Amino acid sequence: MNLILLGMPASGKGTQSQLLINKQKFAHISMGDIVRDNINNQTKSGLQAKKYLQEGKLVPDSLIISMIEVYLETHKYKNIIWDGFPRNIAQNTMLNDILAKRNQKVDHIIYLKVKKSLIYKRILGRKICPKCQYTYNTIFNPPKKANICDVEGSKLIFRKDDNLKMIKVRIKEYNAKTKPLVKYYQKQNLLTSINSNQDSKIVFQEICRLLK
Ligand code: AMP
C-alpha cells in the first residue's frame, strides 16, 4: 500500500507516520530526512540542495528525483508512507512513474488540514532526536525525560529551519507550490481531508478508520 501524507510544515505528517509505523507494517519515506541525509553525507545532490533547505525553499525537482532514485535502489519497500513527497504536481507525476515501474500505485492520499496559528506553535516547540529522527514537541508531545529521546537516550535538538524567519518562507513555499496539489487531487476524488488541528491521537484514530 502507498499512502501519501500531504500538509503544511508541522501539519502532523511526521507524527502520524510515527504512530502508523508503530501500529502497522509501514516503511516511512520522509523526503526531508532524505534531503538532510544527503546534505550531511555531502553527496553531489546534497551539496547542491543545501542552500535551498537553508533558505526554507523547496529543493529543485531534478535533485529530488535523483535523491529518491538512489534511496529506492537500496530500500525495496512494499507498504510505504510518503511524507513530504510529492510536494508539487511534477513530483506527483514522478511518484506515479516510480510506482508504475514497481507495479504499484498510490492507494490513499491524506490531507492533514491545519490552521496557520497552530503551525507556529508546533514548529517552535518541535525537537528531534539526532539519531533516530523521532519528533517531539515540548508542549504537545514531550519526551518522558525533558530534552532526552525516549528511544535513543540522546539529547534532543532543534531543526535549523525551525525558526520564525524560515517558517514564513516555508509556508509561502507551501502555498505557492504544494497547496495546488490539494485541489489537483480533490478534482480527481483522490483526497481525504482530516482535521489536524485536533489532538494527534484523534487524528490517528481517523486515519486508522480510513485505512481499515
Ligand atoms: P521537511 O522535513 O519535510 O520539512 O523538509 C525539509 C526541507 O527539505 C524542505 O524545506 C525542503 O527544502 C526540502 N524538501 C523536503 N521534501 C522536498 C520535496 N519533496 N521537494 C523539494 N524539497 C523538499
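Two strands count as paired here if DSSP finds at least two bridges between them. With that in hand, welcome to a short tour of a predicted model.

**Figure 1. The open sheet and its strand order.** Five strands make up this open sheet, and their pairing is parallel. Read across the sheet, the order is β2-β3-β1-β4-β7. Which strands sit at the edges? They are β2 (27-30) and β7 (191-195), each of which pairs on one side only. Neighbouring strands in this sheet are turned against each other by 25° on average, direction ignored.

**Figure 2. Strand β1 and its two partners.** On one hand, β1 (residues 2-6) runs parallel to β3 (residues 80-83), and four bridges join the two. Look for L5, which stands opposite D83 in β3. On the other hand, β1 pairs with β4, again in the parallel sense, over four bridges. Here I4 is the residue to find: I4 stands opposite I109 in β4.

**Figure 3. From β4 to the edge strand β7, with helix α8.** How many bridges link β4 and β7? There are five, and the pairing is parallel. I109 is worth a second look in this view, as the bridge partner of I109 in β7 is L191, while I4 stands opposite I109 on the β1 side. Helix α8 (residues 200-211) lies across β1, β4 (108-113) and β7. The helix runs at about 160° to β4.

**Figure 4. The second largest pocket.** This pocket has a volume of about 470 Å³. Its lining consists of 17 residues. Those nearest the centre are R36, N40, L53, R159 and K160. Which helix gives the largest share of the lining? That is α2, with five residues. Both α2 (31-40) and α3 (44-55) supply at least two residues each. By class, the lining divides into seven nonpolar, seven charged and three polar residues.

**Figure 5. A cis peptide bond and a positive phi.** Most residues other than glycine have a negative phi, and most peptide bonds are trans, so exceptions deserve a close-up. Is the bond from F85 to P86 cis or trans? It is cis, with omega near 5°. P86 lies in the loop between β3 and α5 (89-101). For the backbone of Q133, phi is near 70°, a positive value in a residue other than glycine. Q133 belongs to the loop that lies between β5 (126-128) and β6 (135-137).

**Figure 6. Confidence along the chain.** The mean pLDDT of the protein chain is 95, and 100% of its residues reach 70 or more. Where is confidence lowest, and where is it highest? The lowest value belongs to helix α6 (residues 116-124), with a mean of 91. The highest belongs to β4, at 98; β4 is also the strand that pairs with β7 over five bridges.

Key
Residues numbered from 1 in each chain as written. Predicted model: local features only at pLDDT ≥ 70, side-chain atom pairs only at ≥ 80, totals over all residues. Heavy atoms only, no water. 1 Å grid on protein atoms, 1.4 Å probe; cavity = no way out; pocket = protein on both sides within 12 Å on 5 of 7 lines; lining within 4 Å. Points joined across faces, edges and corners; volume = space filled by probe spheres on them. Nonpolar A, V, L, I, M, F, W, Y, C, P; charged D, E, K, R; others polar. Axes fitted to C-alpha atoms, helices over the stretch in contact; angles between N-to-C directions. Contact = heavy atoms within 4.5 Å. pLDDT = per-residue confidence, 0-100.
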